[in-house]
Structures are given as structure tokens and as C-alpha cells.
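Grab your favourite viewer and work through a few short exercises. Try each task on your own before you read the solution under it.

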Amino acid sequence: MTRPTVAILFTGGTISMRIDARSGSAVPAMRGDDILAHVPQLADVADIELEDVSQLPGPHVTPEHMWRLARRVAAWLERPDIDGVVVTHGTDTLEETAYFLDIALRTDKPVVLVGAIRTMSEPSWDGPANLVHAVQVAGAADSRGRGVMVAMNEQILSAREVEKVHTEAAASFQSREFGPVGVVDAGVVRYLRDTPRERAWSDPEADGLLRVRRLEPDVDLIKVAAGADGRFVRCSLASGAKGLVIEALGRGNVPPAMLDDLAAAVRAGLPVVLTSRCGAGSVRERYGYEGGGRGLRDLGLIFAGRLSGVKARIKLMLALGHTHDHEALRAIFDDPMA
């Protein structure tokens, strides 16, 4: 069989860090060549090409960084000799970048994000094994057409479903509701189920493999708690936010004290998207009491199905780069997998 050719784009994260002797804490230390020197097994897996895109800790990554990364990934994927792309990334924001790329790119070639929970200074450094598995996934013929995925801890997770659910456990990345879409079993990529994909929508004037022409980064995310009122909604309106995501209670409900300000936001033309803080399940208009989902739907809020708050925010940023029409946005968020 022909060996696959895989591009690895290094963006930073714990996989590139060492423990600083003076402070005793992890800091960025390695670039792509340095990391690859610790993973000689890759020579048996694929032909590798690499690019150092950045050296950022996860919390330093912004939507603008994601947008520039999407352009770099698209440029590699346009090469006919490249079979897939691996992106190393800080774990704190890895799920957001994975989902960003899943929406922003239109390609059948595999794109796989990977990181590490431990630094190379620790005996349990998981970077090399995770990187080998990511390259195996990106180079596998069966990975085509599955969208962007994450390869961590021998599991293959879809960008749509993956979450970081623990601060530092080896199994920090999971799909809590449905489980992995596949595994890397003794070096063999095995898929267990179909990979959920976003409903196709794109701007016909977008460049190359990109689905949209621009990004709207000014989207706020508000998490609802018991007794919350609308002060943060008012703050978003006053600060010029172009979109708002409400991470609501339960099935998609809010305290009554938020309603007047949510209504004002909708009247002002601000797209307001509703998700749940539960971590599993979808938002629905099940409840008809004051602040319940039925009233929020009638108010004009857009329901985001099973998406988490952080992913609904990413989706709204990209959707607003495509359209500001309320009904078109509702159609984009209408979730066939809810």
C-alpha cells in the first residue's frame, strides 16, 4: 500500500512544554522539529511534512487565531499529495478550535487535532503516543469524509461532540453522551459508528476550501445560574456584541428576571442562541412556565440543539460571517441530531 503523506501543523500547547526549573511550572519550550525528534515512530507511519504555525498555550488562542489556522489547514489540504492534516493544540481550547475547523472547512480529507495532558518533563508525557495515533488517523483511508476529529488517549472523537471534562486526567477528552466514534487499537484505526456531521451550509463566494468569507468574533457567552437577572445581557448590548449565546438551565430555561432583557436584545436585532449548561441532551420548548423554553422560542431565541455553549458561540461567529438574517441563522442552527 502507498504510504500516506500527512502534514503536521504545530500551534503550541502542553505537548510543546517543559517544566521550568525555577518556577516549577509548565512553559512553552519546543517547536515542531524538537517534538518530532522525540517521536521516531512516525517514520514508520507516514511521510511527514511540518509547519510551525504558532507556539501558544491554549488560553492564548483566539477566534482570530482559529481563522488564520483554518486558512493554513486549507492551503495544505489543497495540495493533491497531502492525504490528511494533524494540528497540535493546547488542550484548554482544543474542542473549540476543532469545531471551528469542522465548520469552516469543506473537505473530505481528514483533519485531526491532538494535544497532551503532561509535559515532556514528566515520565507520563502522552504527547508522543497521541501524536502517533493522530497521524495514523489522519492517514487512514477510512477517515475520509468524517470531518474534523480529535485523537487523544487512543480514542477518536468527533469535533462536534468532544469536550474536555477533567482538568488533567489522561482521559480528559470525551464524548460524554455518545462515546468515541473510533479507537486506535494496537496501531489500527477502527471506527465504531458514523461521525456526526454539520448540516452543509456555505458561502459560494468563500475562498477555496473555506465555507465562509469572514468571521464575526464579537459574540458573548452567558452562563445562567439560580437567581440570575439580565445585567450581563444588558452589558452585551451596551458593549456592541453582534451575537449572544445563553447557556441556560436544564432543557433550556432561564429565571424570569432575565426575560425583559432577552426580549430587548431580540428587538434590537441581536441574534440570541440558547443552549444548556447540562453537558448532554438538547434544548427544547418543553416547559411553558415563565422563563421556560416555550416562551423563549416564542420570544425569538434560536435553539442550538445539543451544542455546548462554547461550541454554539463558535458556530454563531462563523454563521454571522455568512448571514445576519434571523431565519437563515435559525435554519443553520436547526439541529437534525437534536
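The exercises below deal with a predicted model, and each one comes with a worked solution.

**Exercise 1. Work out how helix α2 and helix α3 are oriented relative to each other, and list what makes their contact.**

Start with the general idea: a packed helix pair is described by the angle between the two axes and by the distance between them.

Step 1: Find the helices. Helix α2 covers residues 63–77 and helix α3 covers residues 94–104; their axes come within 10 Å and cross at roughly 50°.

Step 2: Classify the angle. Roughly parallel needs an angle under 35 degrees and roughly perpendicular takes 65 to 115, so α2 and α3 are oblique to each other.

Step 3: Get the hand. The crossing of α2 past α3 is right-handed.

Step 4: List the contact. From α2 come Pro63, Met66, Trp67, Leu69 and Ala70, while α3 brings in Glu96, Thr97, Phe100, Leu101 and Ala104. Sorted by type, the residues of this contact are 8 nonpolar, 1 polar and 1 charged.

**Exercise 2. Now do the same for helix α5 and helix α6.**

Step 1: Take the geometry. Helix α5 (residues 231–238) packs against helix α6 (residues 259–267) at about 20°, and the axes are 8 Å apart.

Step 2: Classify it. The cut-off for roughly parallel is under 35 degrees, so α5 is roughly parallel to α6.

Step 3: Check the hand. Here α5 passes α6 in a left-handed crossing.

Step 4: Name the residues. Val233, Arg234 and Leu237 of α5 meet Asp261, Leu262, Ala264 and Ala265 of α6. The split for the contact of α5 with α6 is 5 nonpolar, no polar and 2 charged.

**Exercise 3. Place Pro63 in its surroundings: is Pro63 buried or exposed, and what does Pro63 touch?**

Step 1: Locate Pro63, which sits in helix α2.

Step 2: Compare with the cut-off. Buried means under 20% relative accessible area, and Pro63 has 12%, so Pro63 is buried.

Step 3: Look beyond the neighbours in sequence. Leaving out residues up to four places away, Pro63 touches Phe100, Leu215, Arg313 and Met317.

Step 4: Check a long-range pair. Pro63 and Leu318 are 255 residues apart in sequence, yet their C-alpha atoms are 9.8 Å apart.

**Exercise 4. Repeat the analysis for Ser158: where is Ser158 found, and is Ser158 buried or exposed?**

Step 1: Ser158 belongs to strand β8.

Step 2: Its relative accessibility is 1%, so Ser158 counts as buried.

Step 3: Beyond four places in sequence, Ser158 is in contact with Val148, Val181, Thr195 and Pro196. Asp102, 56 residues away in sequence, has its C-alpha 9.2 Å from that of Ser158.

**Exercise 5. Describe the backbone and the exposure of Asn153 and Ala186.**

Recall that most residues other than glycine have a negative phi.

Step 1: Asn153 isn't a glycine, but has a positive phi of about 55°. Asn153 lies in the loop between β7 (148–152) and β8 (155–158). With a relative accessibility of 36%, Asn153 is partly exposed.

Step 2: Ala186 also isn't a glycine, and its phi is positive, near 50°. Ala186 is in the loop between β11 (182–185) and β12 (188–191). Its relative accessible area is 78%, so Ala186 is exposed.

Conventions:
Residues are numbered from 1 along each chain as its sequence is written. This is a predicted model: local features need pLDDT of at least 70, side-chain atom pairs count only at pLDDT 80 or more; totals for chains, interfaces and linings use all residues. Side-chain values use heavy atoms; hydrogens and water are left out. Axes are lines fitted to C-alpha atoms, for helices over the stretch in contact, and angles run from 0 to 180 degrees between N-to-C directions. Helices (H or I, at least four residues) and strands (E, at least two) are DSSP runs, numbered from the N terminus. Angles under 35 degrees count as roughly parallel, over 145 as roughly antiparallel, 65 to 115 as roughly perpendicular and the rest as oblique. A crossing is left-handed if the near helix is turned anticlockwise from the far one by less than a right angle, and right-handed if clockwise. Contact means heavy atoms within 4.5 Å. Ala, Val, Leu, Ile, Met, Phe, Trp, Tyr, Cys and Pro count as nonpolar, Asp, Glu, Lys and Arg as charged, and the others, Gly among them, as polar. Buried means under 20% relative accessible area, exposed over 50%, partly exposed in between (1.4 Å probe, protein chains only).
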